[in-house]
Amino acid sequence: MVSKGVMITLFNHNIFEDNVVAGVSNSVDKKPNGNRKVVFNDQSGAMIAKDAFDHSEEHGNSKKEIGQEAHDNSRGNNEAQIDVIKVSKLPIKEEEIHADTKSDFESESESDLCLGKYIYVHDVPSKFNQELIQHCDLLSNWTDMCELSSNLGLGPHFPNNERVYSKTGWFATNQFLLEVIFHNRLKQYNCLTNDSSQASAIFVPYYAGLDVSRYLWGSGYRMRDSGALELVKWLREKPEWKRMWGRDHFMVAGRITWDFRRFTDEDSNWGNKLLLLPESRNMTMLTVESSPWSSNDFAIPYPTYFHPSMDTEVYHWQNRMRRQRRRILFSFAGGPRPNLKNSIRNDIIDQCKAARRKCKLLECSTGPGKCHKPIYVMKMFQGSVFCLQPPGDSLTRRSIFDSILAGCIPVFFHPGSAYVQYVWHLPKDYTKYSVLISAFDIKNKTVSIESVLSRISRRKIVKMREEVIRLIPRVVYADPSNKLKTHDDAFEISVKGVLERVDTIRKDMREGKTTSFDFAEKVSWKFNLFGIKEEHVWDPFFEEQDEKAAKQRKYGKT
């Protein structure tokens, strides 16, 4: 697997830091009862007063209300076989508070199912997206991104020579093409609008990861920053931006957060500074790995190889994983990290080898090999009860979602690898679907992975595996040429998360309240997951991983 971004020194705790338009349903146009001005930071950081509902005449003064949809997760067969921004508060008079200030997620009309869910897509210049795909030969020095960007970003179809995959829905998907996949999925979204005044959120279709990937190696920082700076300048000039200074905007950046967080303007330092720009800090940013210390970027799943076009494909795959025979207690696909002083990769590999037949190792190294061929990885995961997911160059791994897809229970060694990342997609109670073994204990050689996993009862394993299998539709992206009818895939869940977050911000602004997300960013990870700011047992994993001490990494490994 190609390396994701920026090196992390763990456990001494220093982290390197087409325009498609759908038909528009009728909206309810109302004017607020009185002018309610709120004070907040504009893109320059200055405090200004602005009417939160002062939309320009060009875009109208419409306001949407919606009924919150009940979310019903699909449930599968319980039987499984087992083998071993700050907004400064201004006073609002009681008589100014009108009934029409209720949340966008409260139902006012059952006739329009899109109320509160409309999304407007910015018509950005093609050089920010489509031209990057047209010049796909420039995106990577090592990978044929032209072939991989085919089929709406899914890549070429997988053959099923060894019956590891199902007959349809499997593609050679590159993890860095999430921006393209997400954008194409959005084109199938039911509630697109060409009227930005109706929109509850505004999408910016900038392929930020593909843009910067051309310059990560061998280019100066000015070149790496050029696309991001030009994009935010374009956004600032749009009337949609000025309504909330971008707080209703969202964007997908298909790399880890550390590829967009360069803290100094030095050519030797890694990445660009997209996520540190004032405009970006106003938006909701979606990445495959977020910063535990940032309040506005949220992690969404890495793309897997499975992109179902029908619900039946999901059902059939889930049932197949329930019937799968698993003769291996635990397995690991990955390579050592000799250049990372506090990496536990070597310890993981040593313990796997010592477990003999109870552990299977697919050791990765540079160059071609089985580890870089999905068929071998998926085959091993499908035959394993547990799949080890230690941090690598960064806290997260695509392998996490490959293991879930294979019905293999993930074993984590750091809560930042999944629990504080994918808060919209994974259960808050991590014990239902995974195992956490402290990396400190692994490094200190005070725990045996084999012993911990062997003590888990068969009954508990069956329940955990069933939870993992139920998660499959939540962590895969459906084929953009179709859409699922009964399942919410990773895209749908991400959009709901964005809409709910923007709705909260908008409601706070209407009420003149300090934003609900007003907390020290260093506690973002615990607030987003637990809703707390106080001390937590996981603090040692994060307290000294100051993102400003971020180390820059060179091209790394999986």
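This section describes the disulfides, a helix pair and selected buried residues of a predicted model.

Four disulfides were identified in the model. A disulfide is a covalent bond between the sulfur atoms of two cysteines. Three of the links are treated in turn below.

Cys114 is bonded to Cys191, with a separation of 2.1 Å between the sulfur atoms. The torsion about this S-S bond is -75°, and the link of Cys114 and Cys191 is left-handed. The two cysteines belong to distant parts of the chain, 77 residues apart. Cys114 is found in the loop between strand S5 (87-88) and strand S6 (119-121), whereas Cys191 is found in the loop between helix H3 (178-186) and strand S7 (201-203). Cys114 and Cys191 are both buried.

Helix H3, which precedes the loop that holds Cys191, is itself mostly covered, with nine of its nine residues buried. The buried residues of H3 are Leu178, Glu179, Val180, Ile181, Phe182, His183, Asn184, Arg185 and Leu186. Charged side chains are represented in this buried set by Glu179 and Arg185, and nonpolar ones include Leu178, Val180 and Ile181.

A disulfide is also formed by Cys136 and Cys146, whose sulfur atoms are 1.9 Å apart. The torsion about the S-S bond of Cys136 and Cys146 is about 100°, and the disulfide is therefore right-handed. The pair is 10 residues apart along the chain: Cys136 is placed in the loop between helix H1 (130-134) and helix H2 (145-148), and Cys146 is placed in helix H2. The two partners fall into separate accessibility classes. Cys136 has a relative accessible area of 9% and is therefore buried, whereas Cys146, at 31% relative accessibility, counts as partly exposed. The cut-off that places Cys136 among the buried residues is a relative accessible area under 20%.

Cys352 and Cys359 likewise form a disulfide, with 1.9 Å between their sulfur atoms. The link of Cys352 and Cys359 is left-handed, with -95° about the S-S bond. Cys352 counts as buried at 1% relative accessibility, and Cys359 is buried as well, with a relative accessible area of 8%.

Contact between helices was examined for H8 (residues 311-323) and H14 (residues 458-475). The axes of H8 and H14 come within 10 Å and cross at roughly 160°. Angles over 145 degrees count as roughly antiparallel, so H8 is roughly antiparallel to H14. The crossing of these two helices is right-handed. On the H8 side, the contact is made by Val314, Trp317, Gln318, Met321 and Arg322; on the H14 side, the contributing residues are Glu466, Ile469, Arg470, Ile472 and Pro473. Classified by residue type, the contact of H8 with H14 comprises six nonpolar, one polar and three charged residues. Gln318 of H8 is the polar residue, and the charged residues are Arg322 of H8 together with Glu466 and Arg470 of H14.

A further buried position occurs at Phe541, which lies in helix H17 (residues 539-542). Phe541 counts as buried at 7% relative accessibility. The C-alpha atom of Phe541 is separated by 9.0 Å from that of Phe440, although the two residues are 101 residues apart along the chain.

Key. Residues are numbered from 1 along each chain as its sequence is written. This is a predicted model: local features need pLDDT of at least 70, side-chain atom pairs count only at pLDDT 80 or more; totals for chains, interfaces and linings use all residues. Side-chain values use heavy atoms; hydrogens and water are left out. Axes are lines fitted to C-alpha atoms, for helices over the stretch in contact, and angles run from 0 to 180 degrees between N-to-C directions. Helices (H or I, at least four residues) and strands (E, at least two) are DSSP runs, numbered from the N terminus. Angles under 35 degrees count as roughly parallel, over 145 as roughly antiparallel, 65 to 115 as roughly perpendicular and the rest as oblique. A crossing is left-handed if the near helix is turned anticlockwise from the far one by less than a right angle, and right-handed if clockwise. Contact means heavy atoms within 4.5 Å. A disulfide is a pair of cysteine sulfur atoms within 2.5 Å. Buried means under 20% relative accessible area, exposed over 50%, partly exposed in between (1.4 Å probe, protein chains only).
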